[in-house]
Amino acid sequence: MTEYLLHISIISGLYIILALSLNLIIGYCGQVSLGHAAFYGLGAYTSALTAIHWQLPFVLSLPLAAVLAALFGLGLGIPTLRLKDDYLAIVTLGFGVIVDLILLNLEITGGPDGLTRIPPPSLLGLDFRSKVWYSLLVAAAVLLIVGLLYRLVHSRHGRALKAIRDHEMTARVMGINTAAYKIAIFTLAAGLAGLAGSLYAHYITFINPESFGLHTSILILTMVVLGGMGSLLGSVVGAAVLTILPEMFRRFADYQDVAYGAMLIALLIWRPQGLLGVGSISQKFSLGRGKAKKEG
Amino acid sequence: MMEGGLARRWETGAAAPLARSMLLQQILNGLTAGSVYALIALGYTMIYGILGLINFAQGELYMAGAFATVLLLSFYQVNFFVAFLFGMGVAAVLGVLLERIAFRPLRGSHPLVPLISAIGASIFLQSLALLLFGPADRSFPVQFDFAALEIAGVSISSLQVAIFAAALLLMALLMLFVKYTKFGKAIMATALDQDTARLMGINVDRMISLTFLIGSALSGAAGIMMAIYYNTTYPRMGLLPGLKAFSAAVLGGVGNIPGAIVGGLILGVAENLGAGYLSSGYKDAVAFAILIVVLLVRPKGLLGGRSH
């Protein structure tokens, strides 16, 4: 039972990182990425392949996974985020499909069977095959990332990002390079997803493309919307809730995606700020209701 | 030449012989697929034009049209054309409901909000179809006797000709409707400027509904044609054509009706040439590559889109 609870907490931790990073894109770029699971997968495969083939230690394969995912994020962000239209969602959806195709077709990635026997991390002489140590490792990563993002959001750059989110044109007039900020945030978010992928690969020790498809991207999106777009704490709560709830309702697993789809629409109509969204972002996201009512 | 969802397959793409007939063959196959992409792209473009919204669920309306027709034909002995119109009708009604439920309450909010709502609707419809109809492929219940013509070493099935002709007919009807009827002009006016259109006495809400009705019916028709062409219908069938049609719309210029048609045809041909000469395993990647290049080089699209 303890083992099971530790497993759930490790998976929750990974989803918290993923939800936090997607929330950066949603809450600070005003865009949606539907390929977040692809960055997660890129990180997982990079880390696993370097560990298997080059015997790279975890301290190197983890940052390498994050950097590679971030580079892909940069490559996607430059053509899409410069434009004001919301192309990012569809470009990232396409990116997800391509990554899936590549993982399935390449020989080195093992095709549909994926990779097995990924070594657990060796770090400070601790035995990370034990779930206790691994959950501590993930917890440390989550705390570090939450701390980092908290600092970021409350820094000068954070204020610039808020200005962009609240009124892009005004931000630009104030001399903020909005495109550069958006691309930087998207790159950072992709890197964090890659980092989560690395943590996942070394924990679960076998990976295949199925874990990194559209289903996972939608799951992360639902976590963010449920927790509250633009709220860091909301993402933590949203990710934990949506990891634990399906475990409690295993019998209804078939209905999961239908529920997520309906939940997204229902939340946006009745509670666009999510569970914990507060402040300007909630006003901004709920703005539509008042206006629609006036019109209607 | 099956298009298998997320293409879980292991084709190594044997290098094809470079022959003129093969080139013609690929172009022809591409035009057939492209005319279908164009029909879906029209839905994207019209809805984008009027609401500034990428309707993510467009591919699911395509799937719904195909399923409605296939199910009707497998349970009742009805005329094929009746079933075809029924499929278009189901897609159209679903599209109008979608707008009412998932988009209208959110109108006027940050563009992100209806976009996520559309993603929710897409995943909802897709997984609902999975629950109701199961994951298995369904073959098209009616077999057609289509002759294969052989011209200059290129085989053309009359099915391809029929699909191409039907798609062109629907596009022509749409163009005529938009250009010459009162409703069509009202839609264009609403797309140009909602407030002014309202001042001219146009019922904007009704025009938006009408746009969803037409766009969804066209997507439904596209779904039925593909269900016949590939002889398969399954819940996730809309995902890739939806993505490709969007790329087609961007290629032609989002919000531009002739652009969607040109974009769809070019995309279909490019994709088949890519599959024939590069690697069939990555056929589905061509549309995406085109999308990225267009966004980098000419985001307005070939024929120029309308910004929103």
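## Loops, contact and helices in a two-chain model

A:Q55 is found in the loop that links α2 (36–53) to α3 in chain A. Helices here are DSSP runs of H or I with at least four residues, strands are E runs with at least two, and both are numbered from the N terminus. Keep in mind that this is a predicted model: local features need pLDDT of at least 70, side-chain atom pairs count only at pLDDT 80 or more, and totals for chains, interfaces and linings use all residues. Residues are numbered from 1 along each chain as its sequence is written, while chains are lettered from A and ligands numbered from 1 in the order in which they are written.

Back to that loop. A:Q55 isn't a glycine, yet its phi is positive, near 50°. A:Q55 counts as exposed because it has 9 C-beta neighbours inside 10 Å. The cut-offs, with C-beta atoms placed from the backbone: 20 or more other C-beta atoms within 10 Å makes a residue buried, 12 or fewer makes it exposed, and anything in between is partly exposed. A:T205 is another non-glycine with a positive phi, about 65°. Its place is the loop between α8 (178–204) and α9 of chain A. With 14 other C-beta atoms within 10 Å, A:T205 is partly exposed.

Now for where the chains meet. Chain A puts 43 residues into the contact and chain B puts in 38; two residues are in contact if their C-beta atoms, placed from the backbone, lie within 7 Å. On the chain A side, α3 (58–81), α4 (88–105), α9 (214–227), α11 (256–270) and α12 (279–295) each supply at least two residues. The largest share, 11 residues, comes from α4(A). By type, the side of chain A that touches chain B has 29 nonpolar, seven polar and seven charged residues. Here Ala, Val, Leu, Ile, Met, Phe, Trp, Tyr, Cys and Pro count as nonpolar, Asp, Glu, Lys and Arg as charged, and the others, Gly among them, as polar.

Chain B has 11 helices and two strands, running α-α-α-α-β-β-α-α-α-α-α-α-α from the N terminus. Its radius of gyration is 19 Å, close to the 19 Å from the globule rule for 308 residues, so chain B is as compact as a globular protein of that length. That radius is taken over C-alpha atoms, and the rule is 2.2 Å times the number of residues to the power 0.38. The C-alpha trace of chain B spans about 60 × 50 × 35 Å along its principal axes. Buried residues make up 53% of the chain. Of the contacts in chain B between residues at least 6 apart in sequence, 77% join residues at least 24 apart.

Here are two helices of chain B, where the expected span is 1.5 Å times one less than the number of residues:

| Helix | Expected span | End C-alpha distance | Buried residues |
|---|---|---|---|
| α2(B), residues 58–75 | 26 Å | 26 Å | 14 of 18 residues |
| α10(B), residues 257–277 | 30 Å | 31 Å | 16 of 21 residues |

How far to trust it? The model scores ipTM 0.82 and pTM 0.84. Mean pLDDT, the predictor's confidence in each residue from 0 to 100, is 85 for chain B, with 92% of its residues at 70 or more. Among the elements of chain B, β1 (residues 148–151) has the lowest mean, 74, and α3 (residues 80–103) the highest, 94. Over residues 1–17 of chain B, pLDDT stays under 50. Where pLDDT is low, the predicted coordinates should not be read in detail.
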